[in-house]
Structure formats: C-alpha cells, structure tokens
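I opened my notebook to look up how two chains meet and where charged side chains pair. Here is what I wrote down, entry by entry.

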2 protein chains.
Amino acid sequence: MNTALKHHMNETQDNKARAATWFTQLRDMICAEFEAIEREYDPESTAQFKRKSWDRPTLDGSHGGGGVISLMHGKVFEKVGVNISTVSGQFSEEFAGNIPGATENDRKFWASGISLVAHFASPHVPPFHFNTRHIATAQSWFGGGGDMNPIFENEEDTQSFHAAWKECCDRHDPEYHAKFKEWADEYFFIRHRNEPRGIGGIFYDYVSTGDWEADFAFTQDVGRTFLDIAPKIIRKNMHRPWTDEERETQLIKRGRYAEFNLVQDRGTLFGLKTGGNPEAILMSLPPVVKWP
Amino acid sequence: MNTALKHHMNETQDNKARAATWFTQLRDMICAEFEAIEREYDPESTAQFKRKSWDRPTLDGSHGGGGVISLMHGKVFEKVGVNISTVSGQFSEEFAGNIPGATENDRKFWASGISLVAHFASPHVPPFHFNTRHIATAQSWFGGGGDMNPIFENEEDTQSFHAAWKECCDRHDPEYHAKFKEWADEYFFIRHRNEPRGIGGIFYDYVSTGDWEADFAFTQDVGRTFLDIAPKIIRKNMHRPWTDEERETQLIKRGRYAEFNLVQDRGTLFGLKTGGNPEAILMSLPPVVKWP
C-alpha cells in the first residue's frame with residue numbers, strides 16, 4: 001500500500017471516530033440539559049435518563065456495532081428518547097442500488113448518528129425531533145435535521161425556531177437554509193392526511209462538499225443549535241397551565257405523529273425492514289395516543 | 001351485442017349488486033347485534049353506531065362510488081368501526097400490474113366490501129378484525145378473513161374461534177380451512193417485532209372457483225360465522241373485572257396493533273397510498289394506545 005493511500009485510510013478512520021465521538025458527546029450534553037430542565041420545573045424531581053445498550057446482530061457478513069437508547073419520563077418530558085448508534089455491515093442488494101457509493105460489488109457501509117424525539121406532558125410545549133448522522137460507503141456524507149410539532153402553533157416560537165436554523169445554516173453556506181427548510185417542509189408532510197406534520201425546520205442529506213472538516217463542522221453546529229433553541233422554547237412554555245380539552249387535542253395530534261413515523265418516515269421504515277432494533281427505532285412513538 | 005354476451009354482462013352486474021347488498025345487510029346485522037350487547041351489559045346505555053357517508057373523489061377518469069363509516073363508542077365496545085364501501089375506477093399503472101385481470105390497457109376495477117375492527121374497554125375481551133370483499137376487473141373474486149387479538153390468551157376462546165372458522169370452511173371446501181388458517185398465521189404476523197399479531201383466524205383472497213354462487217355463499221358464510229362467534233366470545237368475557245395493570249398491558253398491546261396496520265397491512269397501505277379516505281381506513285386504529 002502506498003503512503004498516500006495509507007494516509008487517506010487512516011484519515012477516514014479518524015474522521016469516523018471523530019463523528020461517532022461527537023454524537024456521543026452531544027447526547028451527553030442534551031441529556032444533561034434536559035435533566036436540568038426537569039430539576040428547574042420541580043427541584044424534587046428524580047427523573048433521569050435510563051440507558052440501555054443493544055448490539056446489532058451480525059448476520060451474513062455484517063460487521064455489527066450497536067447503540068444506546070437513553071429514555072427519560074419526567075414531569076416536563078412525558079417521554080424523551082435519545083439514541084446513538086454506530087453500525088457497519090453490508091447493504092442488502094435491494095438497498096445498495098439506492099445508496100450513493102454502494103454498488104453491487106461493494107455493498108459495505110458504516111453509519112453513526114444521534115436521533116432524538118421529545119413528547120411533553122404539556123400540550124403547550126411542542127414535540128421536537130432532531131437527528132444527525134454520518135454515513136460512509138465508498139463515499140461519505142452527513143445528513144440530519146430537526147423539526148417542531150406544536151399542538152397549538154405559537155407564532156413567536158415558530159419564528160425563533162426557524163431563525164435559529166437560519167443563523168446556523170448561514171454560518172456555513174448562504175444557500176443551505178432555503179434549501180434545507182424546503183426539504184423539511186416537503187419531508188415532514190403527512191401525505192395521506194394532506195397536512196404538514198408540524199411547522200418544519202431543516203432536513204438535509206448527502207452533504208458532502210469535498211471538505212470533510214467543513215461538513216462535520218456544519219453537522220456539529222446543527223447539534224449545538226438544537227441544544228440551544230429547544231430548551232429555550234421548552235422553558236418558555238413549560239409553566240403554562242392547560243385544560244383537559246387541550247390535553248385531548250394533544251393526544252389526538254400525537255396520532256398524526258405516530259402515523260407519519262410508521263407509514264412514511266424513511267429512517268423508521270428502513271430500520272424496521274432491515275432487521276434493526278425495534279425498541280430503538282420506535283422510541284420515537286408518543287407515550288399515549290388517542291384515535292377517537 | 002349477441003344475446004349470450006348481453007346475458008353474461010347483466011348477470012355480472014346483478015352479481016355485483018347482490019354482493020354489495022349483502023355487505024350492507026351484514027353491516028346492519030352486526031351493528032344491531034353489537035348494540036344489543038351494549039344494552040345487555042348496561043340497560044341504561046344509549047351507545048349506538050353513528051354513521052358517516054363519504055364519496056370517493058372522481059379524479060382522472062375514475063368512476064367514484066363511496067362508503068359509509070359506522071362508529072360506536074360504548075361501555076363494552078370502547079371503539080368499534082364497521083365500514084362498507086363500493087367503489088370503481090381505474091387502477092394506477094403502478095398497481096395494475098399486480099392485480100389479476102387488470103392489464104396496461106384495461107385498468108378498470110370495481111370493489112365492494114365490509115371491514116370491521118372492534119377494540120374493547122375490557123382487557124379480557126379480545127379485539128376482533130373481520131372483512132370480506134368482492135372485486136371485479138376482467139376477472140372477479142372474493143377475499144376476506146377474520147382474526148382475534150387477545151391481550152391475555154384464553155385457550156378456550158382460541159379453540160372456539162378456530163373451530164368456528166373450521167366448521168364454516170368445511171361446509172364449502174375441505175381444503176379451505178387449513179389453507180386459510182395458515183394464510184392468516186402468515187399474514188397477521190408483525191415482522192419487525194417477530195411476533196404474531198394475535199391468534200390468527202382465517203385469511204383468504206382470489207377465491208374464484210368458476211362457480212360464482214358457491215364463492216358468494218362462502219363469503220356470506222364467513223360473515224355469518226363472524227356474526228355468530230364474536231358475540232359469543234364477547235358475552236363470555238365482558239363481565240370479568242380487570243386491574244389497572246391489565247388495562248396497562250392492553251394499551252401497550254394495542255400499540256402492536258397500530259404498528260401492524262400502519263407498517264404492514266396491505267389494505268391500509270393500499271388505501272392510504274391511493275388517495276383513499278383516511279378517516280375510513282384508519283377507523284381500525286385503537287382509541288387509546290401507549291408506547292411507554
């Protein structure tokens with residue numbers, strides 16, 4: 001092996017490790033912040049994230065890996081799950097055709113990411129979804145996004161949520177925000193209901209500019225932006241009282257969230273249909289739902 | 001048009017009308033029986049089915065039609081929906097390839113059916129699903145089935161449910177029961193959970209022996225069998241008391257039912273992806289569900 005190639009391969013390994021480490025650090029920061037919110041709401045609260053590790057089954061030549069589910073049930077967060085995972089293996093022939101850099105003869109992949117869904121006790125605190133990931137085949141790229149799903153839309157929150165993503169995106173590429181916001185509007189749309197899932201946010205995939213450091217910096221910034229904006233909106237709304245009727249509306253709205261994830265969400269269906277861990281994949285489902 | 005062809009076409013029209021009329025009659029009988037069960041449980045109960053009609057949008061040359069949703073919320077039946085519908089139109093090119101008798105040049109179809117899902121207040125009364133349908137393209141056939149989804153399996157109920165279907169099937173063809181029971185076991189299996197949805201029952205499709213009267217008689221018998229066995233099992237169990245813990249187990253088990261219908265059920269996905277009425281299609285979803 002020549003020196004340049006060896007250098008490239010070491011660099012690639014190093015990049016993967018840095019991305020996976022970042023997702024773990026971000027997980028720790030988010031969990032700490034969410035636990036702090038529980039304490040602020042109720043100093044007596046003992047709510048904390050519980051962790052559960054899982055290993056990926058290593059069938060037909062796949063390399064394995066696994067992940068950790070962190071789940072908390074509190075007074076503010078009725079249910080919040082934060083998953084991290086790092087897995088590698090071979091795509092099935094069926095999937096390989098749709099994945100950049102994967103070919104019939106080279107179906108190997110490596111993927112690491114963080115994914116989060118928060119459902120709140122209060123109908124006035126909007127559910128959040130956030131995830132970022134780094135994927136490597138013969139190519140490598142970043143993807144992710146975040147969206148907010150208010151039961152009762154609050155214009156101020158909507159504006160501050162979009163503004164946070166715009167500032168984040170603008171720090172990296174002036175074209176990112178318009179493109180990734182539109183992608184979110186398109187992606188987080190419940191087709192069979194002909195209605196948006198929420199107010200959107202950003203959604204991005206296949207980000208690979210040729211400058212790995214810049215792409216990684218963007219994905220890190222997306223994580224830090226979520227860690228900044230979600231707690232602000234949670235703290236702003238968590239003390240507002242609610243009525244039984246508002247709670248009922250929330251439980252019904254959650255049905256739409258479940259429908260989207262189970263019928264349409266790419267990550268969910270990909271995971272379920274490729275033998276992923278259903279407990280980790282379905283941590284996104286709301287704690288209580290009504291379809292009256 | 002020659003006399004034989006005219007006769008055949010009139011007969012076909014007549015058969016369609018007879019099938020659609022039967023599904024409506026069966027709907028009426030089932031609703032009356034279920035309302036009677038509510039009265040038996042609580043003579044003061046005013047629970048009754050509420051009906052809501054819908055029209056199929058007539059986009060791109062489709063002929064329209066529509067259906068009626070009947071929904072009841074009672075003390076025994078926490079939520080029960082009975083849909084009937086008769087629709088006709090053109091399959092999309094994408095679907096036409098998978099449907100017997102439909103070709104690229106003749107994508108027209110007619111379909112009529114009844115579909116029912118019952119979720120009970122008591123964790124000791126097993127949820128039931130039942131449906132039968134008649135479909136006509138250049139060919140015509142019957143399909144349907146019924147399955148039972150106990151939260152806590154009761155061996156006696158399981159046996160009487162399977163025995164009812166066996167007796168029904170055996171009246172028509174000695175090979176039907178083994179075949180249709182196996183099909184149910186295969187169909188009502190939640191792949192991503194690697195667990196059966198319930199205890200099965202029967203599932204059949206493409207029943208077209210060449211003797212329309214015999215096939216119609218079988219599908220009518222399937223309906224009468226459901227109308228006989230489900231009320232027996234409901235009445236047998238509806239007075240049993242339950243604990244909060246058993247109720248909790250029920251709400252979690254209902255999550256599996258929702259997952260199956262939204263991720264896997266052919267009829268649900270076909271309906272949602274072809275612009276069907278989501279309110280009618282998703283009446284199957286449980287009234288309250290927990291994913292803790």
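**Entry 1: the interface.** I looked up the contacts first, taking contact to mean heavy atoms within 4.5 Å. I found 21 residues of chain A in contact with 21 residues of chain B. This is a predicted model, in which local features need pLDDT of at least 70 and side-chain atom pairs count only at pLDDT 80 or more, while totals for chains, interfaces and linings use all residues. Residues are numbered from 1 along each chain as its sequence is written, chains are lettered from A in the order in which they are written, and side-chain values use heavy atoms, with hydrogens and water left out.

Next I noted the buried area, the accessible area (1.4 Å probe) that two parts lose on being put together, summed over both. Between chain A and chain B this is about 1900 Å², and carbon and sulfur atoms give 69% of that.

How many salt bridges cross the interface of chain A and chain B? The rule (a side-chain nitrogen of Lys or Arg within 4 Å of a carboxyl oxygen of Asp or Glu) finds 0 there.

**Entry 2: strands across the chains.** I saw that β10(A) pairs with strand β10 (residues 288-290) of chain B in the antiparallel sense, over 3 bridges. Strands here are DSSP runs (E, at least two residues), and helices are runs of H or I of at least four, numbered from the N terminus. Two strands pair if DSSP finds at least two bridges between them. For Val288(A), I noted Lys290(B) as the bridge partner in β10(B).

**Entry 3: salt bridges.** Over all chains I have a count of 44 salt bridges. One of them joins Asp28(B) and Arg51(B), with the closest N and O atoms 3.0 Å apart. This pair links distant parts of the chain, 23 residues apart: Asp28(B) lies in helix α1 (residues 3-41) and Arg51(B) in strand β1 (residues 50-55) of chain B.

I also looked up Arg197(B), which forms a salt bridge with Asp147(B) at 2.9 Å between the closest N and O atoms. Are these two buried or exposed? Buried means under 20% relative accessible area, exposed over 50%, and partly exposed in between (1.4 Å probe, protein chains only). Arg197(B) counts as buried at 4%, and Asp147(B) is buried at 0%.

My last pair was Asp221(B) and Arg171(B), whose side chains meet in a salt bridge of 2.9 Å, N to O. Here Asp221(B) counts as buried at 10% relative accessibility, whereas Arg171(B) is exposed at 51%.
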